[in-house]
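Let's take a walk through this fold, going from the sheet outwards to the helices and the charged pairs. Keep the viewer open as you read.

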Amino acid sequence: MMMMRMMMSPSPQSFDKPRDLKPTKPTRCERVPQVGRACTSRCERAGGPLGPVRGKLAKTLVALGLASGAAAFNPHPPAPRRLGLGLVAEKKSRQLPGFGNGLGNGNHPGLVRAASAKRDAVVAAAATMVGEERGEQGEQAAEGADVSKPKGSAQGWEVHKFGGASLANAELYRTVGDLLIAESAGRGEGAIPTMAIVSAMGGMTDLLIKVVDAALVDFEQANKDLKDAVDRQISILTDLGAPEEITAPIEERIRNDAKDILSVVQSLRMINTVPPVTMEVVTGFGEIWSAQTLFAYLATQGRACEWIDAREILVVKDGASSGLGEKGAASTGGVVPLWAETSTRMSNWWSSVGKERGFHDLNYSAGDAPIVVVTGFVARTSSGVPTTLKRSGSDYSATIFAKLTGASRVTMWKNTDGVYTADPRRVPEAFPMASLTYDEAMELAYFGAQVLHPSAMVPCIDGNIPVYVRNIFNPSFEGTVIRGRSATLEEVNADFRVRNWRSKKGEVPIKGITSVDQAALLTL
């Protein structure tokens with residue numbers, strides 16, 4: 001039995017009047033942490049620009065005898081009111097220790113009525129610390145340490161995602177590399193900092209799953225299957241024609257990874273089961289090898305490039321590990337990124353490795369731009385355990401890194417000309433749609449269309465980042481752009497602008513049709 005679902009297009013005004021987007025960018029915590037400690041609330045905003053200042057201020061308070069260590073402030077006073085220097089005051093009935101009644105009368109946004117020379121000293125010291133901290137931040141920004149605003153670039157980052165079908169052999173790796181070089185050259189307004197999120201080589205994830213499954217019954221077969229997987233990856237690496245000084249370290253890392261995999265799967269026969277984390281650790285190596293292979297080709301072309309193991313950057317909440325999930329499934333199994341920590345790691349990478357590689361000093365007007373290759377699919381938990389974003393999760397990786405870098409767009413490269421009105425294998429007359437809203441794309445994906453991983457939409461909605469679906473074999477075609485929100489029924493009714501569709505004038509209420517095969521309908 002085949003289930004079908006039609007995607008009804010909203011009334012025309014919904015495209016002209018998208019719903020307001022509400023970005024969820026981390027901001028400074030509105031609560032006051034204990035002096036010298038991080039915020040103890042479940043809040044991702046504690047890492048604001050004044051966080052380090054509070055630690056220095058704590059030492060000053062203690063030295064001046066106005067506080068005693070971590071007990072200096074009530075960590076989360078109720079009903080806070082903003083004061084200067086990143087502090088807040090409560091109502092008059094509550095006082096900050098050591099300041100008497102001189103704070104919080106609500107008549108001035110700064111520190112008021114300092115009662116003694118000691119208090120004046122604290123104010124001066126804290127103000128100096130804030131100035132120094134802001135000065136340091138300004139120097140970092142001037143040096144190009146802000147990953148979202150690369151020094152010298154008039155363009156924002158653009159993120160490109162390539163699936164396994166686009167990386168099935170050496171020729172396709174060359175095609176992807178050349179495409180990235182062309183895209184990074186820009187569109188007449190200077191070079192564009194470019195990031196590529198890559199899946200494992202076509203078929204590699206299935207090969208690694210086979211290794212794990214075989215280890216349960218026949219370790220020698222598992223060893224043979226792993227050798228086949230490694231040989232395939234190294235063969236592609238060699239076929240790319242990169243010089244030995246580039247390929248030799250990569251080949252050595254791949255072979256060392258294979259030894260680690262064997263060590264992991266060797267004990268599976270003893271426990272007669274495969275823990276979810278084991279499967280995720282082993283299968284994640286496919287993306288790690290793939291990223292290094294593409295990096296080798298880009299380095300051979302003389303590009304400013306580097307690769308990133310996303311497990312060193314992308315941190316997700318603990319407890320999300322439930323295995324790989326089903327291939328092509330529309331769920332990430334509850335994987336939730338920890339944005340504050342992940343953003344810090346991304347910024348630190350750009351400030352250190354990016355600077356070391358010379359990415360801060362590129363001449364964008366002359367066509368130079370960094371190309372950073374990132375492993376899709378893989379991540380780590382806050383406890384440091386390797387995990388994944390589940391099968392088909394590389395789309396999610398792409399939009400997560402797009403939000404981290406403040407990207408201007410994300411392009412998902414497929415082997416079709418965009419999102420079609422129906423499955424072209426079943427409906428030969430189907431054609432690519434020029435545009436969709438985020439809501440429409442998610443709806444299509446949930447009901448069987450291989451458009452985009454539904455969870456991948458969330459970071460783009462937060463950051464209002466358009467997503468393009470384009471054909472790697474027909475890059476000149478614009479494809480489909482996904483952006484904006486559909487109007488809700490409540491919003492449409494409030495406008496009283498509901499109208500009848502007129503098919504004779506080319507207005508069609510159906511935008512797309514999806515189908516799910518092998519579905520059973522049960523009536524209770």
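**Starting from the sheet**

The order to trace is S6-S8-S5-S4-S11-S13-S14-S12: that's an open sheet of 8 strands, and the pairing is mixed. Its edges are strand S6 (305–308) and strand S12 (435–436), each of which pairs on one side only. Bear in mind that what you're looking at is a predicted model.

Helix H4 (residues 170–184) packs on this sheet. H4 touches S4, strand S5 (194–198), strand S8 (371–375), S11 and S13, and its direction makes about 165° with that of S4.

Now zoom in on strand S11 (residues 409–414). How many of the 6 residues of S11 are buried? The count is 6 of the 6, so S11 is largely enclosed by the rest of the structure. You can check this face by face: Arg409, Thr411 and Trp413 are buried on one side, and Val410, Met412 and Lys414 are buried on the other. So both faces are covered, charged side chains included.

S11 has a partner strand in S4 (residues 158–162), running parallel to S11 and joined to it by 5 bridges. To get the register, look for Val159, which sits opposite Val410 of S11. Strand S13 (residues 467–471) also pairs with S11, again in the parallel sense and over 5 bridges. Here Thr411 stands opposite Tyr468 in S13, and Lys414 has Asn471 of S13 as its bridge partner.

**Charges around S4 and S11**

Arg409 deserves a second look. Its side chain meets that of Glu158 in a salt bridge, with 3.9 Å from N to O. In sequence the two are 251 residues apart, so to speak from distant parts of the chain: Arg409 belongs to strand S11 and Glu158 to strand S4. Are these two residues buried or exposed? Arg409 has a relative accessibility of 17% and counts as buried, and Glu158, at 3%, counts as buried too. The pair is also part of something wider, a network of salt bridges that links Glu158, Glu183, Arg187, Arg409 and Arg470.

Another charged residue to find is Asp395, located in helix H12 (residues 394–405). Asp395 is buried, with a relative accessible area of 5%. What does Asp395 touch, leaving out residues up to four places away in sequence? The list is Lys161, Met412, Lys414, Leu452, His453 and Ala456. Two of these names, Met412 and Lys414, came up above among the buried residues of S11.

**Salt bridges along a helix**

A search of the whole structure turns up 19 salt bridges. For a local kind of pairing, go to helix H6 (residues 219–239), where Asp228 and Lys224 lie 4 residues apart, about one turn of the helix. They form a salt bridge whose closest N and O atoms are 3.7 Å apart. Asp228 is partly exposed, with 33% relative accessible area.

H6 holds another such pair. Asp231 and Lys227 are 4 residues apart, and therefore separated by about one helical turn. In their salt bridge the closest N and O atoms are 2.9 Å apart. Asp231 is partly exposed at 31% relative accessible area, while Lys227 is exposed at 53%.

**Two helices side by side**

Next, find helix H7 (residues 244–265) and helix H10 (residues 285–300). Their axes come within 10 Å and cross at roughly 175°. Angles over 145 degrees count as roughly antiparallel, and H7 and H10 are therefore roughly antiparallel to each other. From H7, the contact uses Ile246, Ile250, Arg253, Ile254, Asp257, Ala258 and Ile261; from H10, it uses Phe285, Ile288, Trp289, Gln292, Phe295, Ala296, Ala299 and Thr300. Sorted by type, these residues come to 11 nonpolar, 2 polar and 2 charged.

**A hairpin to finish**

Last stop: strand S9 (residues 378–381). S9 pairs with strand S7 (residues 315–316) in the parallel sense over 2 bridges, and Val316 stands opposite Thr381 of S9. S9 also pairs with strand S10 (residues 386–388), this time antiparallel and over 3 bridges, with Arg380 opposite Pro386 in S10. S9 and S10 make a hairpin with 4 residues between them, and Gly384 in the turn has a positive phi of about 90°.

Technical notes
Residues are numbered from 1 along each chain as its sequence is written. This is a predicted model: local features need pLDDT of at least 70, side-chain atom pairs count only at pLDDT 80 or more; totals for chains, interfaces and linings use all residues. Side-chain values use heavy atoms; hydrogens and water are left out. Two strands pair if DSSP finds at least two bridges between them. Buried means under 20% relative accessible area, exposed over 50%, partly exposed in between (1.4 Å probe, protein chains only). Axes are lines fitted to C-alpha atoms, for helices over the stretch in contact, and angles run from 0 to 180 degrees between N-to-C directions. Angles under 35 degrees count as roughly parallel, over 145 as roughly antiparallel, 65 to 115 as roughly perpendicular and the rest as oblique. Contact means heavy atoms within 4.5 Å. A salt bridge is a side-chain nitrogen of Lys or Arg within 4 Å of a carboxyl oxygen of Asp or Glu.
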